[in-house]
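Please open the model in your viewer and keep the sequence panel beside it, since this tour moves from one selection to the next.

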Amino acid sequence: MITYLLEWTLSLLILLGAYKLGLENQAMHQLKRVYLLGTLLVSLLIPLVTVEVTPDALPTTQLPGSVANLMLEQQRPDHRPESESYKPADSPARAQWPIGALAVGLYGTITALMLLRFGRNLYRLGQQIRRCPTQPIAGATLVRLPGEGLPYTFLHYLFLSDTAYSRGKVEPELMTHELTHIRQRHSIDVLLVEIVLCFGWFNPLLFWLKRAMQLNHEFLADEAVNSTYQSVTSYQQLLLAKLMPAVSPVALTSTLTFQTTKQRLLMMTRRSSPARRWLATGATLVLFGTLTTVITVQTVAQQVPVNRPAPQKSTPAPPAGQPLTPDEIERRFGDKKIAAWINGRPQEIRYRDLTPEQKKWVHYVPTPPRLEPTEAQWNDWKNTKKYGLWVDGKRRRDNPLDTKYKRTDIVYFWSSYVHKNARQPEGYLYQLELYTEPEYQRMLKREQEDPFLILREDKPAPKKVSR
């Protein structure tokens, strides 16, 4: 979660910073609207996506206790880097629990208040729509409000003072401005960012994004007015004449606001050339693409699991741990494809297609003997910040060691250290594989049906493994 929040905030900061420096003061309002919506959605989604890039690596089998454990002399389950001594973890989050609970409670309380505020604003708008007279107007629905006040919009509703509308005192420029908000569906943008704000209220960048969206909505509506009436000066004078609204509009609405009037008046006089528009569009695509690539692409562990070759035919496995002569392997498994590491690259090849010299380097890898964890290891494995846990080949994030399994349920295990360049967003230091009796029995059965052979030219034949 912390990794997600950091990547989300970093994405917002980079995209909004680029908007502030390069786009905010440019008269390309449609592009800016797409950019801001993209900023909201991309910053939320790209931290959830991981594209794994796998370098050339030593292939390992998905068999627990794989080649790495038996013949490539990789880390034992109880192995740690030399610089790290084995120390059981302290009781999980014993000292930090009160602070964590307080933080969760505070977040939940404020989020609930934000959701109540959001719901209250929707309710107020709904009450106005139900209680006041309505009528269709120019593809929208006019809601005639009592009293005085400036017009505002929400979704396809245009809220106007009944008195001003009946007397014909609503200027056509203002009507065009508000109807543009409706036709271009600006309320959808506001609703999206408001929903995200209810849950991400702690991030000040979201408020910055919301203000930028609403200001750009005003630019778009002003642009439509000036395109229709071709009189920038008279429209500017109209805005200046209405700097004192009589009634504050309801939140969530698009309305004629005046905190940003100076920016709006200046923007009406600016123009952007087609070349600048194309350049800005291209730069936007490059920025979004680069940011997405940097955040989503990760290097996976250097030992890459690969599927075992499909069995060519059912052949009884040799006695566990017994070395076989090339002639015996040829007789039993000549048509079987084996995992080979030839000239520094992994590949699959039939045994009978190997050279006589290569056949000397083919090894039979038996299922490893049972291995039960100690009490100290069992307690240490409950530290989810230290261990990424798999049980019977399935990733488990719910820490089932406290609830579903006992130490004696585990009949075999192995682990490997995850180097910094290969760590997943969860940040665990070790990948831990646990196997229960049913899965271990299935493993033995698979060995009988499809024994595993491997060729390594740079390793001697493995020693006999006691079962």
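**A covered helix**

Begin by selecting helix H7, which is mostly covered, with eleven of its 15 residues buried. This is a predicted model, and H7 runs over residues 186-200. If you colour the buried residues of H7, you will mark His 186, Ser 187, Asp 189, Val 190, Leu 191, Val 193, Glu 194, Val 196, Leu 197, Cys 198 and Gly 200.

Next, consider the length of this helix: at 1.5 Å a residue, the 15 residues of H7 should span 21 Å, and because the C-alpha atoms at its ends are 21 Å apart, the model agrees with that expectation.

**An open sheet**

Now select the four strands that form an open sheet in the order E14-E13-E16-E15, in which the pairing is mixed. At the edges lie strand E14 (394-396) and strand E15 (410-417), each of which pairs on one side only. From one strand to the next, the twist averages 30°.

Stay with E14 and add strand E13, residues 387-391, so that you can follow an antiparallel pairing over three bridges. There, Val 391 has Lys 394 of E14 as its bridge partner.

**Where to read with care**

Finally, colour the protein chain by pLDDT, which averages 77, with 76% of the residues scoring at least 70. Select residues 301-321, where pLDDT stays under 50 although the model has 65 contacts beyond four places in sequence for them. Then select residues 460-467, where pLDDT also stays under 50 and the model has 19 such contacts beyond four places in sequence. Where pLDDT is low, the predicted coordinates should not be read in detail.

Notes: Residues are numbered from 1 along each chain as its sequence is written. This is a predicted model: local features need pLDDT of at least 70, side-chain atom pairs count only at pLDDT 80 or more; totals for chains, interfaces and linings use all residues. Side-chain values use heavy atoms; hydrogens and water are left out. Helices (H or I, at least four residues) and strands (E, at least two) are DSSP runs, numbered from the N terminus. The expected span of a helix is 1.5 Å times one less than its number of residues. Buried means under 20% relative accessible area, exposed over 50%, partly exposed in between (1.4 Å probe, protein chains only). pLDDT is the predictor's confidence in each residue, from 0 to 100. Contact means heavy atoms within 4.5 Å. Two strands pair if DSSP finds at least two bridges between them. Axes are lines fitted to C-alpha atoms, for helices over the stretch in contact, and angles run from 0 to 180 degrees between N-to-C directions.
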